[in-house]
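Hi everyone, thanks for coming along. I'd like to walk you through a structure that may be new to you, so settle in and have a look at it with me.

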Amino acid sequence: MTPLLQVRDLAKFYGSRRGCEGVSFDLYPGEVMGIVGESGSGKSTLLSCLAGHLPPDRGEVIFDTHGHGPRDTLTMSEPERRMLMRTDWAFVHQHARDGLRMGVSAGGNVGERMMAVGARHYGDIRAQAIDWLGRVEIAADRVDDKPQAFSGGMQQRLQIARNLVTGPRLVFMDEPTGGLDVSVQARLLDLLRGLVREMGLSAIIVTHDLAVVRLLADRLMVMKDGRVVEDGLTDQVLDDPQHGYTQLLVSSVLQV
Ligand SMILES: Nc1ncnc2c1ncn2[C@@H]1O[C@H](COP(=O)(O)OP(=O)(O)O)[C@@H](O)[C@H]1O
Ligand SMILES: [Mg+2]
């Protein structure tokens, strides 16, 4: 089977400071990979480079495109990359306001993403938007409300609906439960897990919360000072960590 994503020797520096360096891995269709590490370990830098939000200094990010097979997304043209971001890729931001249009209704937020991939029929778009609101547990009678009127958890669920409505093949998530109350986090995690399984999504999830990867990720990469210090199956890494830093993370000695 061809990997969905092949990452080779990715590196990004901010001046002389290392953002991330020497990161290589394969992600297969349907796999969920977690990236953990303390604050400043390079998780967001890596995710931004993978998702095309930040140009790395070197490396390859090869995605198995629908039409043209494996392509290095870093060297493809800007329009091609933008098309990928609208179709096969999705990005769930930590703060919903970064991934939503706050001045547009909930239905509009979901519908807009559908229109970006060619949907034109108003009735269909609205019906599918309402269907997706239901799938993320937002009542149909909120379809015309703007996200400002929603709680943090609802905003995050709306962001997820907006991202998944077009059936992406790879979803990037940066601390998807990070800004939420603990009570709301559990419900959102359950919902995410259901959607990921149901849709057979591949995902890369950055989090400092080991409970999130325990629940969602098949595999795990542990980062420290911009480098991957340990990787493997989630249960294996968490239950029998080999690297001293991972042992500290797991035993919660580190303040993350
Ligand atoms: N825009 C930036 N300018 C300069 N240094 C940065 C910038 N963003 C991140 N860094 C540095 O890169 C390293 C990795 O940061 P980051 O990727 O944000 O880590 P994490 O997401 O794990 O907290 C840190 O040393 C951080 O200070
Ligand atoms: Mg970060």
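Let's begin with a word I'll use a lot: a residue is called buried when its relative accessible area is under 20%. Do keep in mind that what you see is a predicted model.

With that cut-off in hand, take glutamine 185, which sits in helix H7, residues 182–199. Is glutamine 185 buried or exposed? Its relative accessibility is 15%, so glutamine 185 counts as buried. The side chain of glutamine 185 comes to 3.0 Å from the backbone oxygen of leucine 180. If we set aside neighbours within four places in sequence, glutamine 185 touches Thr177, Gly178, Leu180 and Asp209.

Now let's step back to the overall layout. The domain assignment splits the protein into domain 1, made of 1–88 + 170–256, and domain 2, which is 96–167. Their C-alpha centres are 25 Å apart. Where the two meet, 15 residues of domain 1 are in contact with 15 residues of domain 2.

Next, the ligand. Which residues surround ligand 1? They are Tyr14, Arg17, Arg18, Gly19, Glu38, Ser39, Gly40, Ser41, Gly42, Lys43, Ser44 and Thr45. By character, that shell holds one nonpolar, seven polar and four charged residues.

Some of these residues come with distances to oxygen atoms of the ligand. For serine 41, a backbone N or O atom is 3.2 Å from an oxygen of ligand 1. For lysine 43, a polar side-chain atom is 2.8 Å from a ligand oxygen. And for serine 44, a polar backbone atom is 2.9 Å from an oxygen of ligand 1. On its own, ligand 1 has 560 Å² of accessible area, and the protein covers 62% of it. Two elements give two or more residues to this shell: strand S2 (17–27) and helix H1 (43–50).

Let's move on to glycine 34, in strand S3, which runs over residues 32–36. Glycine 34 has a relative accessibility of 0%, so glycine 34 counts as buried. What does glycine 34 contact, leaving aside neighbours within four places in sequence? Here we find Ile205, Val213, Ala217, Arg219, Leu220 and Met221. Ile205 is a nice one to look for on your screen: isoleucine 205 and glycine 34 are 171 residues apart along the chain, yet their C-alpha atoms are separated by 4.8 Å.

Now please find helix H4, residues 106–116. Its buried residues are Ala106, Gly107, Asn109, Val110, Gly111, Arg113 and Met114. When you look at that list, it helps to remember that an α-helix has 3.6 residues a turn, so residues three or four places apart point the same way. The cover over the buried residues of H4 includes helix H2 (78–86), strand S6 (89–92), helix H5 (122–135) and helix H6 (152–164). Just past the end of H4, glycine 118 has a positive phi of about 110°.

I'll finish with two residues other than glycine that also have positive phi values. Aspartate 9, in strand S1 (residues 5–14), has a phi near 50°. With 38% relative accessibility, aspartate 9 counts as partly exposed. Glutamate 137, in the loop between H5 and H6, has a phi near 65°. Its relative accessibility is 42%, so glutamate 137 counts as partly exposed too.

That's my tour, and thank you for listening!

Key
Residues are numbered from 1 along each chain as its sequence is written. Chains are lettered from A and ligands numbered from 1 in the order in which they are written. This is a predicted model: local features need pLDDT of at least 70, side-chain atom pairs count only at pLDDT 80 or more; totals for chains, interfaces and linings use all residues. Side-chain values use heavy atoms; hydrogens and water are left out. Helices (H or I, at least four residues) and strands (E, at least two) are DSSP runs, numbered from the N terminus. Buried means under 20% relative accessible area, exposed over 50%, partly exposed in between (1.4 Å probe, protein chains only). Contact means heavy atoms within 4.5 Å. A polar contact is a pair of N or O atoms within 3.5 Å; within protein, one must be able to donate a hydrogen and the other to accept it, and residues adjacent in sequence count only if both atoms are side-chain atoms. A residue is near a molecule or strand if one of its heavy atoms lies within 4 Å of it. Accessible areas come from the Shrake-Rupley method with a 1.4 Å probe; for residues, only the protein chains shown count as cover. Ala, Val, Leu, Ile, Met, Phe, Trp, Tyr, Cys and Pro count as nonpolar, Asp, Glu, Lys and Arg as charged, and the others, Gly among them, as polar. Domain bounds come from an automatic or database domain assignment.
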